[in-house]
Amino acid sequence: QNATGDDVKKLDIIANTIWVDCMKQCGVCCLLVSEEEEQPIIITDKSKRGPFCVAFDPLDGSSNVDCNVSVGSIFSVYRRKSPDDKAATVEDILRPGLDCIAAGYSM
């Protein structure tokens, strides 16, 4: 089961791995929160860390794949508030939706 209690399917694991690997390497993220992970992922490498925190469900609706229903990825982006010279903290993303600078759903 994932952090929200849903059964994790193989496709969830694959999608999560792709999202996390890409976000960790892109150089613009400092903190990632995935529905498939128990804990936030804090990017500590200064050369790969950027100003954004991203929360996402890498494959929303995966429990409906057997029914041939649409699935997609949901994400929201926040700009970190903690100092850039230190690793991000959970407080950088635990903020009201009003602070969200971008969000989307991709099918």
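## Aromatic cluster and strand order in a predicted model

Trp 19, Phe 56 and Phe 75 form one aromatic cluster. This is a predicted model, in which local features need pLDDT of at least 70 and side-chain atom pairs count only at pLDDT 80 or more, whereas totals for chains, interfaces and linings use all residues. Residues are numbered from 1 along each chain as its sequence is written, and side-chain values use heavy atoms, with hydrogens and water left out.

### Aromatic pairs

The structure holds two aromatic pairs. Rings of Phe, Tyr and Trp (its six-membered ring) pair if their centres lie within 6.5 Å; planes under 30 degrees apart count as stacked, over 60 as edge-to-face and the rest as tilted. The pair of Trp 19 and Phe 56 is stacked, at 4.8 Å centre to centre and 15° between the planes. This pair links distant parts of the chain, with Trp 19 in helix 1 and Phe 56 in strand 3, 37 residues apart. The ring centres of Trp 19 and Phe 75 are 6.3 Å apart with planes at 40°, so this pair is tilted. Because Trp 19 lies in helix 1 and Phe 75 in strand 4, the pair ties together parts that are 56 residues apart in sequence. Helices (H or I, at least four residues) and strands (E, at least two) are DSSP runs, numbered from the N terminus.

As for exposure, buried means under 20% relative accessible area, exposed over 50%, and partly exposed in between (1.4 Å probe, protein chains only). Phe 56 is buried, with a relative accessible area of 5%, while Phe 75 is partly exposed at 27%.

### The sheet

Five strands make an open sheet in the order 2-1-3-4-5, with mixed pairing. Strand 2 (41–42) and strand 5 (102–106) stand at the edges, each with a single partner strand, so one side of each has no neighbour in the sheet. Two strands pair if DSSP finds at least two bridges between them. The table lists three of the pairings.

| Strands | Direction | Bridges | Opposite residues |
|---|---|---|---|
| strand 1 (residues 29–34) and strand 3 (residues 52–60) | parallel | five bridges | Val 33 and Ala 55 |
| strand 3 and strand 4 | antiparallel | seven bridges | Val 54 and Val 77 |
| strand 4 (residues 72–79) and strand 5 | antiparallel | five bridges | Val 77 and Ala 102 |

Val 77 thus appears twice: Val 54 stands opposite Val 77, and Ala 102 in strand 5 is the bridge partner of Val 77.

The loop between strand 3 and strand 4 contains Asn 68. Phi of Asn 68 is near 60°, a positive value in a residue other than glycine. Asn 68 is exposed, at 73% relative accessibility.

### Surface patch and cysteines

Leu 11, Ile 14, Ile 18 and Val 65 form a nonpolar surface patch with about 320 Å² of accessible area together. Accessible areas come from the Shrake-Rupley method with a 1.4 Å probe; for residues, only the protein chains shown count as cover. Leu 11 belongs to helix 1 (residues 10–25) and is partly exposed, with a relative accessible area of 43%.

A search of the whole structure finds zero disulfides (a disulfide being a pair of cysteine sulfur atoms within 2.5 Å). Cys 100 is in no disulfide, and the nearest cysteine sulfur, that of Cys 53, is 11 Å away. Cys 100 is partly exposed at 24% relative accessibility, whereas Cys 67 is exposed, with a relative accessible area of 56%.

Note on methods
Patch = residues over 30% accessible without salt bridge, like charges linked within 9 Å, V, L, I, M, F, W, Y side chains within 5 Å. Salt bridge = Lys/Arg side-chain N within 4 Å of Asp/Glu carboxyl O.
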